[in-house]
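User: Please take a close look at one part of this protein, the place where two of its domains meet. I am new to this structure.

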Amino acid sequence: MLANIMLTLTQDAARRTAVAAQGFADLRPAGVPSRRHLQRVLSRTQLLQLDSVNVAVRAHYMPVFSRLGPYPMDLVDDAAWTHTSRRPRLLVEKWAHEASLIPIEDWPLVHLSKRAGWWRHYGKIVDRSPGLVQEVLAAVKERGPVGAGTLERELVGPVKRAKGAWWNRSDVKHICEYLFGIGELTTGTRRSFERLYDLTERVVPPEILTRKIEADECARRLTERAGRALGIATEAELRDYYRLAPDVNRRAIAELVDAAILEPVEVTGWNRKAYRHFEARTPRAITGRALLCPFDPLIWERDRTERMFGFRYRIEIYVPEPKREFGYYVFPFLLDGQLVGRVDLKADRTAGLLRVHGAFAESTVDKARVLPELAAELKVMAEWLGLSGVAVGARGDLATPLRKLTK
């Protein structure tokens, strides 16, 4: 009997597998993208990360643009924060990778697998002021969807409430975050990105909310989703996608390997075992272009990005300006399946311009091939954001020729 021989992939094949899994081998729609196209993106990424930075565009909108091209942003808004009998809510907010929009049917999987999180540190406030939890829940039930600021004003007034106690304003906010973390509250809607809390039972349908799934099954399903989204990944990368516990993740991987859903593979040049999802495909070539925000799931695991693309990438928001290498909010540029450059972007809505503070090419790329594609994609992005043009600054080796192409 012959021993099982582990499949070996080249680095280039692994990269094409990963890029395709994230949806970048799919053609962009010819017309205006619809909810069906959004669902296709979600079937690739599995979730959309939320972030408060709004230098260019909110993080949860950009991965959809990167894969579909120009689309109406209310596609995401409607899917996440509105509900009608004819158009049910597709997405719900939950701590997953980080704060994320996840498919609403995944609520039980994420909730049951992440019962503990950073919010547990607010348990001391619960212990100190147990009545505050009930006060917040009662106020949300009466007023929701409602923001934490409104709750602070109502529960912490200039005069002590007759039936209440003296609450600290920050305590109210922290209790909201605690209740969000443990699943008692979620986001009913957003107003100028402010989270308006509502009771989870009024947001997640009862047939989903009450679904009973064993914790091990939750871990298996989330690990399978991570494998599907990544295409090919190491154990640590599969774990990072939904931030699962190491022991739970390793057990889930072993079970998925036994079920032939994940296949152990070797990748030339990688110093660790990888796993390929059984439905992952490896195109012979990938064509197309995309600007990627810092929170795009293709690149959010920085070591993977460097190993996969030879592209060292860091967010420099918290780096003092004189020490920044590339800029404040830098978007890598994906062209034909390779990361070939990066641009530091800002949407200047007062001037009506997409400002490119810096534009840089990777050392090994053909700039003559990159420049027209990058210029064209910047123009498309500016128009999508409702801006009248692109203004290129002075920083970077692509700045001068890019300025000429974007005039």
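Analyst: What follows describes the boundary between domain 1 and domain 3. The model is predicted: local features need pLDDT of at least 70, side-chain atom pairs count only at pLDDT 80 or more, and totals for chains, interfaces and linings use all residues. Residues are numbered from 1 along each chain as its sequence is written, and side-chain values use heavy atoms, with hydrogens and water left out.

The domain assignment, whose bounds come from an automatic or database source, gives domain 1 (7-111 + 210-277), domain 2 (117-204) and domain 3 (314-406). Between the C-alpha centres of domain 1 and domain 3 there are 26 Å. In contact (heavy atoms within 4.5 Å) are 15 residues of domain 1 and 16 residues of domain 3.

The two domains bury about 1,400 Å² between them, 70% of it from carbon and sulfur atoms; buried area is the accessible area (1.4 Å probe) that two parts lose on being put together, summed over both. On the domain 1 side, V55, A56 and F65 lose the most area to domain 3, together 41% of what that side buries.

One salt bridge is counted between domain 1 and domain 3, a salt bridge being a side-chain nitrogen of Lys or Arg within 4 Å of a carboxyl oxygen of Asp or Glu. The side chains of R28 and E377 form a salt bridge, at 3.0 Å from N to O.

By class, the side of domain 1 that touches domain 3 has 12 nonpolar, no polar and three charged residues. Here Ala, Val, Leu, Ile, Met, Phe, Trp, Tyr, Cys and Pro count as nonpolar, Asp, Glu, Lys and Arg as charged, and the others, Gly among them, as polar.
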